[in-house]
Amino acid sequence: MGQLCGRCMQLLRDFVAFVQRMSSDLVQGIKECLTLISKCSCLNQNSSKARQLYKPVLQPHERVTAQEFLQHIETDFEMSPLGKDSLEALRTLAFSENQGLQQSAALYYLHMSQHMNVPLPVEHLEPFYALLRSADLEVQQMSSLSLVSFLLEGNIDKELVVQMGLLEPILDLLESEDPTVQCNSCACTMTLAVLESNREAIGAARGVTPLLSLANSYDPRVQQNAVGAILNLTQSEKIQQILCKEGALPVLALLLESPDSEVQYYSCAALSNVAANAQHHEAMLRPGNRSLLRTLISLLSSSVDKVSSQACVCLRNLATSADIQAEMVAEDVLPKLCSLLASGSKDVHHASIALLWILSQHPHNQDTLACAELLQSLGMLLSAHKTDPVIVGHSACIIKNLSLSKNRQRIFESPCIQGLLQTMLSTDIEEDSLHYVTSCLAGLAKQEGATVHMVQWMDEPLTKCLVRLAGQLEHTEPSFQAASIIQHMTGHEKMMLLLKCHSGEIQTYLRSFLTHQEIRFQQLGISTFCRLREDPDFSLAFRQSQMAKLLEQVRQQTEETQELLRAAICHEDS
């Protein structure tokens, strides 16, 4: 968890597009710049001997290079990588000590980054080193921005950038005093940190400290990119250790209160990644200091879905102990989670219901959580998302946990039972989800108060579904649980009438249960047979199908097993 979302990547692309709109005359600018330089009197080789005492700003060979590059611009400029000669000319301009020539090279790269749609060959990366190292601020701005553009568009291999030695000058630019350079270098670092190998390289090059410093920047662009880079770095456990030692936790906790929702999201996602590693919990939740928990709980009410969703994820990762779970419930987290269950966002639903599942596992929380509002929300969510495996599976587990509370009667009176039953009718429900649902219903069916409500919602399609599931022994758990639900509802007249329409299918799965290798299946088959036999129609059907003969065979096998066990026990005792 913790990758940049599409919207965040789009923000960077919008910034690049802003520069792109301003760069339509860049090619002409390069031409004019090189033309003026080539006509400058400093290129006059007949100047006085006094001037020969000093190293000229523009080297003689650079004049020729500038003219050749200008000729290339004028004749065959295309939005594609340069040929060998033109590339050599560009390299000469980039490594020149003349700032004007470096600006021309930086302008060329910037323009290429806005229009080129093919990967940049590796040999074109070498000039970037000189441009990023340039003492000229404009060169730093343009070259760092073009590198960001190439990276975002996927036209440069991220791993290759580090291998070519460009990481060092990029990290050095983090300490620039210019906000534009800071913004671009943070964006480069953030993009490079998507790869695990690059994260390790950034940590080894001590890139964490300047990023933490820029996370407190007053420039919103710089702050967003710096925190975004930290977020990507937190995907590495090794970098998490470095971040914690460098004091990242209080910085990120403070950024949760930022007015910028992007900064809130990045910092919250970064803390979620750190919280996924339990060894950091002590530092994140020091005794007597629970401000982080309170801040995260307050973010559950954020109007920005991804912020509230990420706050749920962070709280879930932190809720590993009963004490922390109890404290979350005491901080009035329940009303906020109920509101999130009514959200229109799938991600918010998944994050909030996963947190509720964690909280429902603690017995001391179950009475509080088993409230009418939460159960109503769960029932509505189940009805609206019958095929969502996350919602169905977690809801079933939560209801099963809450059925252990003293307020279990509220479950029986809520829409939860109907919602669980209806999910079984979906043909798209996954096997794991089906297992959780049938297990929950089987547990509820053991309580007479719940069975009455279950029978109330039973109809022909649901009965057919339960009988079908019971007969699918290849799905062991759903089969057993479905048969258990049927067995507990056979005491109700309505259910018996519905089951009579499926007498043949019921006898088929009962025969399979009676001969099953697991004792629990045999016992369930026998108890179901006994209950159904009380009905005259089923009793007649059993006699006609020779079920009694099969039961007699099971009895004989059981007696033989008992005799063998007695013999084995006597032998051990002797």
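Two residues are in contact when heavy atoms of one lie within 4.5 Å of heavy atoms of the other. That criterion applies at several stops of this tour, which moves through a predicted model.

**The whole chain**

Begin with the entire protein in a cartoon view. Its secondary structure consists of 36 helices and zero strands. Of the 574 residues, 53% are buried. The accessible surface amounts to about 26400 Å², and carbon and sulfur atoms account for 51% of that surface. If only contacts between residues at least 6 apart in sequence are considered, 73% of them join residues at least 24 apart.

**Stop 1: helices α7 and α10**

Select residues 137–152, which form α7, together with residues 179–192, which form α10. The two axes come within 9 Å and cross at roughly 25°. An angle under 35 degrees counts as roughly parallel, and α7 is therefore roughly parallel to α10. The crossing is left-handed.

Now display side chains at the contact. From α7, show L137, Q140, Q141, S144, L145, L147, V148, L151 and L152; these meet T180, V181, N184, A187, C188, T191 and L192 of α10. By class, this contact holds 10 nonpolar and six polar residues, with no charged ones. For the spacing of such positions along a helix, recall that an α-helix has 3.6 residues a turn, so residues three or four places apart point the same way.

**Stop 2: A204**

Proceed to helix α11, residues 196–204, and select A204. Is A204 buried or exposed? Its relative accessibility is 65%, so A204 counts as exposed. Add I239 to the selection: I239 is 35 residues from A204 in sequence, and the C-alpha to C-alpha distance between them is 9.1 Å.

**Stop 3: α15, α16 and α18**

Select α15 (248–255) and α16 (261–275) next. Their axes come within 8 Å and cross at roughly 140°, and the two helices are therefore oblique to each other. The handedness of this crossing is left-handed. On the α15 side, the contact is made by L249, L252, A253 and L255; on the α16 side, by V263, Q264, S267, A270, L271 and V274. Eight of these residues are nonpolar and two are polar, and no charged residue takes part.

Keep both helices displayed and add α18, residues 291–299. Which residues of α18 are buried? They are L292, L293, T295, L296, I297 and L299. These buried residues pack against α15 and α16, and also against α17 (281–284), α19 (305–318), α20 (322–330) and α21 (333–341).

**Stop 4: S484**

Move along to helix α31, residues 476–489, and select S484. With a relative accessibility of 6%, S484 counts as buried, because the cut-off for burial is under 20%. Which residues should be shown around S484, once its neighbours within four places in sequence are left aside? S484 is in contact with A442 and L524.

**Stop 5: helices α33 and α35**

Finish with α33 (residues 503–514) and α35 (residues 536–544), whose axes come within 11 Å and cross at roughly 55°. These helices are therefore oblique to each other, and their crossing is right-handed. Show S503, I506, Q507 and L510 on α33, then F538, A541 and F542 on α35, to see the residues that make the contact. Five of them are nonpolar and two are polar, while none is charged.

Methods. Residues are numbered from 1 along each chain as its sequence is written. This is a predicted model: local features need pLDDT of at least 70, side-chain atom pairs count only at pLDDT 80 or more; totals for chains, interfaces and linings use all residues. Side-chain values use heavy atoms; hydrogens and water are left out. Helices (H or I, at least four residues) and strands (E, at least two) are DSSP runs, numbered from the N terminus. Buried means under 20% relative accessible area, exposed over 50%, partly exposed in between (1.4 Å probe, protein chains only). Accessible areas come from the Shrake-Rupley method with a 1.4 Å probe; for residues, only the protein chains shown count as cover. Axes are lines fitted to C-alpha atoms, for helices over the stretch in contact, and angles run from 0 to 180 degrees between N-to-C directions. Angles under 35 degrees count as roughly parallel, over 145 as roughly antiparallel, 65 to 115 as roughly perpendicular and the rest as oblique. A crossing is left-handed if the near helix is turned anticlockwise from the far one by less than a right angle, and right-handed if clockwise. Ala, Val, Leu, Ile, Met, Phe, Trp, Tyr, Cys and Pro count as nonpolar, Asp, Glu, Lys and Arg as charged, and the others, Gly among them, as polar.
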